[in-house]
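Let's walk through this structure together, pausing at a couple of backbone details and then at a pair of packed helices. Please keep the sequence and the 3D view open as you read.

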Amino acid sequence: MRRKLAAGNWKMNGTSAALTEAENLAKSYTSPDIDLLICPPATLLSRLSDALSDSPIATGGQDCHAATSGAHTGDVSAEMLKDSGATYVILGHSERRDTYDEESEDVRAKARTAMENGLTAVVCLGESLAQREANNTLDIIGGQLAGSVPDGATGETLVIAYEPVWAIGTGLVPTLEQIAEVHGFIRERLIRRFGEETGNAIRILYGGSVKASNATEIFSVADVDGALVGGASLKASDFSGIIDALEKA
């Protein structure tokens, strides 16, 4: 049985005051039935990891460089994230793929480095609205999945997050049938590549305008093992509704 995961991606949001939100969340979930994760900006990672050290909430980075160290001004390595208390790192988010022109081979190199440094890689996949309307969704997802995930991945080292680009922060959400189709497709591809046991052990999250009001429906879909949540994870009161829905799913 895959343990469900509620992951919060704070993106470029939060200063020291935001630590209180995470601490309040920790007070509400001292022994949750699911895994909880917050990925804050790099400036808060170490302090957040310390603040949550006695709680079941894990922390993660929002990106890492493929190299262990070197002349990469402004970048953060997987080793640095680990040293800051992280156990996860988000990779290949559509905002990185689009704004920074990251290709799947770049994501794959980063994921390999993350895994080598003991981090669980949360690899994001997703199609644009134009690709969805052209009926190319599964081709895009299949290509990103094959290109972004390194060999040797396991249920402990890899999480997949399906985030249709057109649904991120827009309030638009795919139909349950569309979510089911993509998650089922990803599961089938994972089993085909890694075998029945490993393919079924890797968690697949849904992301894209997830909120308390639609979480229960989304979590009812087969092969949706949790959510990667953006804006709704910034406030403990908002994130709690999603967490509660996942615990009940």
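**Two loops and a helix pair**

In this predicted model, a good place to begin is D101, which sits in the loop between α4 (94-99) and α5 (104-116). Have a look at the backbone there: D101 has a positive phi of about 55 degrees, although D101 is not a glycine. That is worth a pause, because most residues other than glycine have a negative phi. As for its surroundings, D101 is exposed, with a relative accessible area of 58%.

Now follow the chain to a second residue with a positive phi. N135 lies in the loop between α6 (129-133) and α7 (137-148). Its phi is near 60 degrees, and N135 is likewise a residue other than glycine. Is N135 buried or exposed? With 70% relative accessibility, N135 counts as exposed, because the cut-off for that class is over 50%.

From the loops, let's turn to helix packing. Helix α1 (residues 19-28) packs against helix α11 (residues 236-248) at an angle of about 40 degrees, and their axes are 9 Å apart. The crossing of α1 past α11 is right-handed. Which residues make the contact? From α1 come E21, N24 and L25, while α11 brings A236, F239, S240 and I243. Sorted by class, this contact of α1 with α11 has 4 nonpolar, 2 polar and 1 charged residues. If you colour the side chains by class, you can find the charged one at E21 of α1.

Notes: Residues numbered from 1 in each chain as written. Predicted model: local features only at pLDDT ≥ 70, side-chain atom pairs only at ≥ 80, totals over all residues. Heavy atoms only, no water. Helix = DSSP H or I, 4+ residues; strand = E, 2+ residues; numbered from the N terminus. Buried < 20%, exposed > 50% of the residue type's maximum accessible area, 1.4 Å probe, protein only. Axes fitted to C-alpha atoms, helices over the stretch in contact; angles between N-to-C directions. Left-handed = near helix turned anticlockwise from the far one by under 90°. Contact = heavy atoms within 4.5 Å.
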